[in-house]
Amino acid sequence: MDELFGLRNLFYTGSFQQVINEGSSRTSVSESAKLERKIYLYRAYIAQGKHNIVITEIKDSDPIDLRVVKLLAVFLQSKSSSQASETKKEETLKELKEILGDTANLSNATVQIIAGMIYYHEGLFEDALKVLVRHNRNLECVALIIQIYLQLDRLDLAKREIAATKTWAEDAMLAQLIEAWVGLRTGGDKYQEAYYIYEEIAQSPSSNTVKVLNGQAVCNIHLGRYPEAESLLLEALNKNNSDPDTLVNLIVVSNLIGKPTEVVNRYITQLKEVAPNHVFLQDLDLKTSLFDRSAQRFALA
Amino acid sequence: MKTINVWFFLGPVRGIAFHPTQPLFVSGGDDYKIKVWNYKTRKCLFSLNGHLDYVRTVFFHHEYPWILSASDDQTIRIWNWQSRTCIAILTGHNHYVMCAQFHPKEDLVVSASLDQTVRVWDISGLRKKNAAPSSVSFDDSLHKSAATQADIFGSTDAIVKYVLEGHDRGVNWATFHPTLPLIVSAGDDRQIKLWRMNDAKAWEVDTCRGHFNNVSAALFHPRQELIISDAEDKTIRVWDMSKRTLVQTFRREHDRFWVLTAHPELNLFAAGHDNGLIVFKLERERPAYAVHQNSLYYIKDKYLRVFDFASNSDVSVLSVRKIGGQYMQPRSLSYNPAERAVIITTTADGGSFDLFHLPKEFNGEPREASDGKRGPGTSAIFIARNRFAVLDKARQQIEIRDLSNATTKSVKPSATVNEIFNAGSSNLLLLSTPTSVILYDIQQRQVVSEINTPPVKYVVWSSDHSQVALLGKHTITIANKTLEESCLIHETIRIKSGAWDDGGIFVYSTLNHIKYALSQGDNGIIRTLDQPVYLTKVKGKNVHCLDRDGKTRVISIDPMEYRFKLALIKRNYDEVLQIIRSSNLVGQAIIAYLQKKGYPEIALHFVRDDKTRFDLAVECGNIEVALETAKAMDREDCWNTLGVEALRQGNHQIVEMAYQRVKNFDRLSFIYLVTGNLEKLKKMLKIAELRNDHMSRFHNSLFLGDVEERVRLLKEVGQLPLAYLTAQSYGLVEEAEAILTSAGLTADDITDMPTNGQLLKPPTPILKHPDSNWPLLTVQRSFFDSAFITTDSNPLAAPLSFNDTNEGLDDVGGDWGGDDDLGFNGATEKAVDDLRIDGEALEEGSGWDIDADLNVQLNNEISQELSNGTHGEFVPPTSGTNESELWIHNSPLAADHVAAGSFETAMQLLNRQVGAVNFEPLKSHFLKTFQATRTYLSCNVSLPPLVYYIRRNPEEIETRRVLPILPYNFQNIVSSQLQEAYKTTTLGKFQDATIQFRNILHSILLISVSKKSEVDEVNQLIEVCREYIVGLSMEQMRRKYPLDSPENTKKALELAAYFTHCRLQPAHLQLSLRSAMTLNYKAKNCLTASMFARRLLELAPPQQVATQARQIQTLSDKTPRDEITLDYDQYNPFNVCGISNIPIYKGSSSVECPYCHASYLPEHQGKLCTVCDVSQIGANSTGLKV
């Protein structure tokens, strides 16, 4: 019996506060699960952006698993803050390299995952994959590998990976989520299947999170069911009015159902406030300047 | 097949038959006698004697008072059991007659004999004779019986019609088919023969072989094409009547079967064997069904049907003939609304399920079920949209499968599971074990909770999934989501089905009742049933159900009682009150219920009987009602009870009254004492005196402290010593002396006088208010008391009234009138008309100066379905490329390139296709298109989201054909943007309208259409926009010319004239013509004005406009000339130059905009088109691709 089954699912569906609550609870679990529970606890803090808690609480004497989690916190903090901490980031990367230099660490799943994540953030997909492929049937590693493949637009590889995973991962929630991620790139019937996966997850009351709502909404958008998508997104917005993904998807769906420009612009402004560095906004800026440059070429003298 | 009951039968009885309507049965046996019994009185009524050997079978006629008997004496006899005589003897068989039966409708008898024949007899003669008037005189009946006797020998009443030969041994049984001209017979040759007959002859149809010993009996299934037989080989066999093949065999170990019969109405059979009899049914009668929202999915006669509770429509959707074999009814049905799929389980082949998808539309002919997925399993249910669970009972394994029937997971439950049920959530299942129901988490493979129950056969969830009813054979357990039991209900009669009412009441059916259960355990009968039904839905007063024939039925019930109880339990007193007021809910049951449940105050309102009312009133402390009823009854015990209760409450006035009524003087006195009511006490004293009640007098005087009275009393009753003592102690010396004297004693005679006496004096009442009560105990007044007191006369709820406010459709537009006042007589002066577009009242705009009824219609001309489609251009696939790059590869449309973010190539395409050079106005459209094409999904925690690309052909997975979604679509443009622009035009906001039309032109550049016909429509739309933009710009320009100088007037008039040549909608064209007409008329250009008037009239304008036009025409024709010569030739077709607004007549040289095709004078070549604001005039182009 997997003691952390519930906790894991809470984490994957983005119920971070609940992960923190449960992770700090005193219910007795086995020794190995205790460490893992701690890892999820700190990772949940990181997901909430509370890097400092993690950085101060994890000591150098803690096991490597926790120390890499701290490393991630340091890294993400340096990334989100201003340019001044560029050196700090370099340091963390260096430290990571040192950790990975130890072969014992290389087969540690937590190390693999955290390394994969840091490299992903840095766009070093090759490095990330190199670490991750060493995993020993760890679903989270698979999830990262798949995201990298998808990011690299290698749907074929992602599909192959998922087929291989299915032989041992059965019906775990994360495995299903991965299937949905790939399905949304595949299209056709897979859209519907992805929707089912998210809907099924959403059925349990604890996992009706912004993240899952977004998943459902995205599936609906791809299926052409815009009004449904919009209502899901508005529900998500009610739960958290500063979730960047919700806002981006709302912009998309508003455009698709022909909402007035003011509405769309309001969401964009909101997005600019909460996540000025969001990929969507970067893309938008890029395209705006691209437009101006290109239009210039055709303009009549 | 199941045995319903077994009992034993002893004695030499061979044949039995019940009368179809009366409480009679007839028996025949080895005593040669036929006996008729009344089974209610359990008495033999009489015997019919005549047979000379064993009687084998006896039967009643369905209509006449006849009994048919077959005997070993080789005869068949017909008896009249009313006259108790034998009316016919059928002779002809030359061996034992084993069986003789009437035809169910016709005047025929069939008999089977050991002489190896089956005979059919015609008894119409007998019937005719007996069809005489019922009032028969004694003589007549005498005569008749004589005649009958004569006929016995003449044999005219009953003649052999056919002799059926074919059996090789003796025939044991023969019977008619209930409706068809068929006979089935069974014989010692181990065969069952099927015979057919017509008016002229009868012949053997076929033989069923299979029994391996003498066949005792055979009969036709009353409703199905089956023959059932039983035999001495210890089997009962079922045969297909048309194919004459063996369908089923039921074997008993030790008992040979001798006789067989079918129930006249129910689907039951009985067979007698060596040790008794068994009653059985051949098949399950419960139709497989499932309810989803407003639809019932059920199987009837091997068709899956859908019944709509709301519309009562009932359609056959799918033929499921192939499931489970011909004779096996499907057992259960599970429906998946998302995929419109069903799973049907049968018990055939040890249990199997079939998964089907339903057709999209439920109309037309039912489809043959195809694409079915099948597998073994005893129970299968959908648990999620794309998952179902299957139980394999033998292996005790639950498999979770996806819709392609692939197993995704399998679970081995810890307990023995008989059946699985839905538990409302995708990862939960209910498992029914022999002793409990388990809520099982499939994901975590663990038991969530368990509830002990007798074996559960069905599970019914309430619509909000908060409660579940677990139905066993004789129990109902109601529990919540997590299987916490809220009640357990036992029934002595078998429970059949159930459904939840919306209010949370469980309505269920037993074999013969519809009942209800509240979740705290109260239950009761709603109504009785003639035959079992399976409830499917409870909706208000209607219970929807399926009967055993699989027909949908609606049974109306009175839900008042259970609603009332539910409201009580939920303390929803308003509703209780409403029910009490609005319904005629009465009866001892409800009163007893209320009393038992502690609601005497409510019960009070149901009761008219004074005694009960009194009891209830006392119970709930309602002293007023108690008093009222006590008065009405005026019974001693009531008054006493009332007195006690009133005393408890401290209501001494009522207590007084109660005591007065029952003449309880002692208590009355006491109450007067304690209330300090001396007046009344004195009265009591007098009363006591009158009553001659010395004791009472004494009390009262004691209470009053009236010593004299006491002394007097004591004297009166001869208690002189006491009187003396009293007088002495109170210092009434004289009186004491007098007593002594009268007694003949002196003071000296009195010795040992008590010395320790104290003066006894009743306290003086300080507060005397006998008229007012004491402070009363507070009696808790329930909601109902006050409700009944205060509002008994008020109507419960005043009907909601609505005030219809008439929207002021009439008062439209205040500031009509404008700059172009007409100069002629007032007859045609302005009148404000309704300006309506699509029924909507519009404010009058500043632009149009004329009033008219307008109706804008364009939709029909242009709108057509726009659907996504694919384009024929193929690009070789590249793997690993970004989807947006695929889009660029896959499409020649600028829109798709924009969506992919490749603005550069998009611009190139537009430049090539329509000569586009000015992209600035397209910027927002580009960005919007780009923005709408990708979603962002956070995948792994703490990683940036992944980008997903939205396709407009979501069903496509071939990368060579995927195309992006486009936010602009043609249909929307036509149905909303264009209409909006027309409306703005009508309102006269020309500048806004121009912007809107131009916006349409820009949007069109970023659409895609799928059909060729739509391409033409797009071109039409471009043309419409162009005409309007050109026309509206001219109109705007005209307004800038003040009509002060001839030059300006000329220019204005010309522009107005050109405007009338733009291809506008008829309504707008009329407006432009009116404008041109009035302008010209005012400028005294009568000729031109008249011409415009004529053109206007040709368009059949509204009445008022027409009148105006005619007036202008008439007036203008008087002075047929123009003041100002215009540069305008109405007969020569022309386009107006978009820049200079000069007409370019046909044939003159011009240049065009490559996109909107607006015409320009040649000198404008190379400039930016002013109409669409995008393309370069006269540029080379290949044409827009959409």
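Here is a short conversation about parts of chain B in a predicted model.

Visitor: Which strands stand at the edges of the open sheet of four strands in chain B?

Guide: Happy to start there! The strand order is S5-S6-S7-S8, with antiparallel pairing, and the twist averages 20° from one strand to the next. Two of these strands have a single partner each, so one side of each is left without a neighbour in the sheet. Those edge strands are S5 (55–60) and S8 (85–91).

Visitor: Which residue in S7(B) does B:Ile67 stand opposite?

Guide: Let's look at the pair of strands involved. S6 (residues 66–71) and S7 (residues 75–80) of chain B pair in the antiparallel sense over five bridges. Opposite B:Ile67, in S7(B), stands B:Trp79.

Visitor: Why do the buried residues of helix H4 in chain B line one face?

Guide: Good one to trace on the model. H4 spans residues 573–582, and its buried residues are B:Val576, B:Leu577, B:Ile579 and B:Ile580. An α-helix has 3.6 residues a turn, so residues three or four places apart point the same way. Seen down the axis of H4(B), the buried residues line one face because they fall within an arc of 165°.

Visitor: And which residues are exposed on the other side of H4(B)?

Guide: Exposed here means over 50% relative accessible area. On that other side, the exposed residues are B:Asp574 and B:Ser582.

Visitor: How far apart are the end C-alpha atoms of residues 90–124 of chain B?

Guide: UniProt, in an unreviewed entry, lists this span among those with the feature "repeat: WD". The span is 3% helix and 57% strand. Its end C-alpha atoms lie apart by 13 Å.

How values were computed. Residues numbered from 1 in each chain as written. Chains lettered and ligands numbered in written order. Predicted model: local features only at pLDDT ≥ 70, side-chain atom pairs only at ≥ 80, totals over all residues. Heavy atoms only, no water. Buried < 20%, exposed > 50% of the residue type's maximum accessible area, 1.4 Å probe, protein only. Helix = DSSP H or I, 4+ residues; strand = E, 2+ residues; numbered from the N terminus. Arc of directions from axis to C-beta. Pairing = 2+ DSSP bridges. Axes fitted to C-alpha atoms, helices over the stretch in contact; angles between N-to-C directions. UniProt positions renumbered as here; feature names shortened; annotations may be inferred.
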